[in-house]
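Subject: A structure for you to explore

Hi there,

Here is the structure I promised to pass on to you. Have a look around it first, and then read my notes below.

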Amino acid sequence: MATATQTGLAIPRKKLTSYVGFANLPNQVHRHTTRRGFTFTVMVVGETGLGKSTLINTLFNTNLVPSGEERLASRESVQTVGIDTISADIEENEVRLRLNIIDTPGFGDFVNNESAWDPILQTIEARFDSYLEQENRLNRSKIVDNRVHALLYFIQPTGHALKALDLEFLARVHKHVNVIPVIAKSDTVDPQNLQRYKQRILQDLAFHNIQTAQLPISPYDDEESIAEIEEVQSKIPFAIVGSNDLIKTPDGRTVRGRAYPWGVVEVDNEHQSDFVKLRQMLIRTNMEDLRELTENVYEQYRTQKLLSLGITQDDSVFSQSNPGSQQAEARALHEAKLAKMEHEMKLVFQRKVAEKEAKLKQSEEELYARHREMRNALDQQRQELEERKRRIQNSLR
Ligand code: GTP
Ligand code: MG
């Protein structure tokens with residue numbers, strides 16, 4: 001059936017004057033999802049030693065991912081990009097999060113990097129396929145969402161431009177995943193050059209038509225939320241510094257940071273890096289938005305996949321023809337509805353009149369009956385009186 005928005009009919013917006021209760025829906029959703037828990041999957045890609053493991057550990061303030069040295073010991077002679085998945089159930093204020101981190105060691109390490117993206121693309125697609133397969137099962141109540149919700153791409157802090165490997169890789173994956181580019185180890189870039197470097201990166205990406213994650217803004221967002229989203233978005237590519245080391249600052253505070261002979265770089269200080277904004281985008285404010293964006297990307301993948309499997313659909317069953325005919329269809333529906341209502345009202349009216357008439361007739365008959373009764377009673381009284389009168393006259397004679 002054509003909906004109001006499809007047919008261009010305006011949906012009235014109304015404010016209720018009394019409390020009905022559906023304003024509590026967000027709380028219900030909150031309770032429902034909290035009970036079920038959340039799943040979030042982040043993939044980290046970038047050349048060796050750019051601080052991928054360190055950043056993940058900094059984001060979740062734990063030691064989730066082993067350092068490069070620990071891992072290298074176990075994969076000395078490997079010639080392809082590896083896919084290491086680490087899952088952790090973390091809980092904060094009774095909210096459970098199943099966090100999947102996909103690390104991609106070896107990216108950019110080989111002389112021939114042509115196929116550096118193959119295992120990565122395959123992983124992203126395999127996770128879409130697994131979701132699709134679960135959707136097609138008979139029982140869909142326990143779908144596990146292991147799709148990749150964000151891909152953190154680590155850019156070398158060279159201060160110049162993106163490398164061919166960066167561009168080639170991103171061009172291949174950006175349509176399948178939310179790409180969030182980050183400038184690794186940004187404490188090693190001259191702060192004066194940093195803004196220029198960011199601009200250069202954005203230009204390179206735009207020139208090659210590479211999209212990065214674009215947070216959605218809804219018409220229901222208030223000004224404050226919109227400003228916050230725009231602020232986060234404006235920091236892409238995030239210039240980050242990672243470390244879980246606690247350092248004493250010259251003014252006596254203990255902070256997470258990196259110590260240098262010339263001073264301390266604080267991880268959680270917004271003036272010194274974009275780490276806080278990245279955490280906001282990934283975890284604190286926009287995790288759900290990233291999930292929503294993933295749903296959109298998946299939808300396209302799913303359509304392509306089903307088409308490639310030879311599954312087609314008869315579009316004529318959906319009235320998505322031209323807007324003119326949709327409007328005519330809506331008008332005809334509306335008129336038919338009005339005519340039906342008029343007919344029903346007529347029937348109701350006729351029924352009510354008939355009922356009223358029957359009632360009136362009944363009361364009229366009752367009235368006649370009473371009248372007859374009263375007249376009979378009077379007649380009887382008169383006869384009795386006349387009888388008495390006759391008897392008295394007879395006795396007087
Ligand atoms: P692989 O797993 O080998 O690919 O490396 P990785 O990208 O996971 O890097 P890892 O986190 O192991 O860090 C490599 C080195 O860089 C370590 O010595 C870190 O201390 C250092 N490092 C990590 N993040 C930063 C940063 O933000 N700034 C600076 N200056 N160094 C960092
Ligand atoms: Mg690592």
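Let me begin with the helix that carries Glu224: this residue is found in helix α8, which spans residues 223-234. Please keep in mind throughout that this is a predicted model.

Glu224 has a relative accessibility of 64%, so it counts as exposed, since the cut-off for that word is over 50%. Together with Asp222, Glu223, Glu228 and Glu231, Glu224 forms a negative patch on the surface.

There is a nonpolar surface patch too. Leu16, Val20, Phe22, Leu25 and Val29 make it up, with about 510 Å² of accessible area together. Leu25 belongs to helix α2 (residues 25-36), and at 44% relative accessibility this leucine counts as partly exposed.

**The sheet**

In what order do the six strands of the open sheet lie? The order is β2-β3-β1-β4-β5-β6, with mixed pairing. β2 and β6 (238-239) are the edge strands, each pairing on one side only.

Do take a look at β2 (residues 84-92) and β3 (residues 95-103), which run antiparallel and are joined by nine bridges. Two of the facing pairs are easy to find: Asp89 stands opposite Arg98, and Ala88 has Leu99 as its bridge partner. As general background, side chains in a regular strand alternate between the two faces of the sheet. β2 and β3 form a hairpin with two residues between them, and Asn93 in the turn has a positive phi of about 45°.

**Some unusual backbone spots**

Most residues other than glycine have a negative phi, and most peptide bonds are trans. Here are some spots to compare with that rule.

- Lys185 has a positive phi near 45°. This lysine is in the loop between β5 (179-183) and α7 (191-207), and is partly exposed at 39% relative accessible area.
- Asn209 is not a glycine either, yet its phi is positive, about 55°. You will find Asn209 in the loop between α7 and α8, where it is exposed, with a relative accessible area of 59%.
- The peptide bond from Ile236 to Pro237 is cis, with omega near -5°. Pro237 sits in the loop between α8 and β6.

**Salt bridges**

Side chains of opposite charge can pair when their charged atoms come close. How many salt bridges does a search of the whole structure find? The search gives 20.

One of them joins Arg256 to Asp268, at 3.1 Å from N to O. The two partners come from distant parts of the chain, twelve residues apart: Arg256 is in strand β8 (residues 254-260), and Asp268 is in the loop between β9 (263-266) and α9 (275-284). Is Arg256 buried or exposed? With a relative accessibility of 10%, Arg256 counts as buried, while Asp268 is partly exposed at 33%.

Helix α11 (residues 323-396) offers another kind of pair: Lys340 and Glu344 both lie there, four residues apart, about one turn of the helix. The closest N and O atoms in their salt bridge are 3.7 Å apart. Lys340 is exposed at 55% relative accessible area, whereas Glu344 is partly exposed at 40%.

Arg351 and Glu355 form a salt bridge as well, with 3.6 Å between the closest N and O atoms. Because these two are four residues apart in helix α11, about one helical turn separates them.

Finally, Asp145, Arg147 and Glu295 are linked in a network of salt bridges.

Enjoy exploring!

Best wishes

Definitions and conventions: Residues are numbered from 1 along each chain as its sequence is written. Chains are lettered from A and ligands numbered from 1 in the order in which they are written. This is a predicted model: local features need pLDDT of at least 70, side-chain atom pairs count only at pLDDT 80 or more; totals for chains, interfaces and linings use all residues. Side-chain values use heavy atoms; hydrogens and water are left out. Two strands pair if DSSP finds at least two bridges between them. Patches are made of residues with over 30% relative accessible area and no salt bridge: like charges are joined within 9 Å, nonpolar side chains (Val, Leu, Ile, Met, Phe, Trp, Tyr) within 5 Å. Accessible areas come from the Shrake-Rupley method with a 1.4 Å probe; for residues, only the protein chains shown count as cover. A salt bridge is a side-chain nitrogen of Lys or Arg within 4 Å of a carboxyl oxygen of Asp or Glu. Lys and Arg count as positive and Asp and Glu as negative; His and the chain ends are not counted. The place of a charge is taken as NZ of Lys, CZ of Arg, CG of Asp or CD of Glu. Buried means under 20% relative accessible area, exposed over 50%, partly exposed in between (1.4 Å probe, protein chains only).
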